[in-house]
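Please look over the model below. Then read this short report on its strands.

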Amino acid sequence: KVRPKLQVKASAKNAEVCYGQPIVFKAVAHGGDSLHYQFKWLNDNAIGDSVMVNLYQSGWHTVVLSDHCSATNATDSVYVSVIPPAKALFTYIPATKIKANHSVSFDNKSQNASSYLWTFGTKDSSNLNSPVYIYTDTGYYQVMLVAYGLSHCPNDTAYSFIKIITD
């Protein structure tokens, strides 16, 4: 009995995924000996017609279909983009001997973020990229920067304590 040529079609649930997040790959086969299909995902060290893997970089994901009967295997690939993780990071000037009622310039050095939220250890906050803030009272304050991830991917948060001295 002559069977139709072995064929496979690879797909992914999403064309892009957040860094380190799982994605489901699926393969649909036709032809050959369907009772002996074997699916192997080369880039992902996975076996099966439906596999879940965590992705850390963009790239092609190739499935090879064999059936132990056909002269050649069938292959197909699907490309998935991985959105890099947000990384919150900041510095401030002056870095020491910060006096009450003087400006503090916060320098946002975050990467892969769509927007930001700053809190200054007071009741004040800002959505600016790199705000300037004036502390009116002496003391220790915890500054927090939230870097919101691209495409609704996870956020990252950075903290620093700042000491404000008398003028």
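What follows covers strand pairing, one alternating strand and one serine.

This is a predicted model, where local features need pLDDT of at least 70, side-chain atom pairs count only at pLDDT 80 or more, and totals for chains, interfaces and linings use all residues. Residues are numbered from 1 along each chain as its sequence is written, and side-chain values use heavy atoms, with hydrogens and water left out.

Strands are DSSP runs of E with at least two residues, numbered from the N terminus. Two strands pair if DSSP finds at least two bridges between them. The table lists three pairs.

| Strands | Sense | Bridges |
|---|---|---|
| Strand 10 (residues 98–99) and strand 16 (residues 156–165) | parallel | 2 bridges |
| Strand 15 (residues 139–149) and strand 16 | antiparallel | 9 bridges |
| Strand 9 and strand 11 (residues 103–108) | antiparallel | 4 bridges |

Strand 16 offers Ile-165 opposite Lys-99. Its Ala-158 is the bridge partner of Leu-145. The hairpin of strand 15 and strand 16 has 6 residues between the strands, and Ser-151 there takes a positive phi near 50°.

Now strand 9 (residues 90–93). Phe-90 and Tyr-92 point to one face and are buried (under 20% relative accessible area, 1.4 Å probe, protein chains only). Thr-91 and Ile-93 point to the other face and are not buried. In strand 11, Asn-108 is the bridge partner of Phe-90.

Ser-11 lies in strand 1 (residues 7–12). Is Ser-11 buried or exposed? Ser-11 counts as partly exposed (from 20% to 50%) because its relative accessibility is 33%. Leaving aside residues up to four places away in sequence, Ser-11 touches Val-24, Phe-25, Lys-26 and Val-78 (heavy atoms within 4.5 Å).
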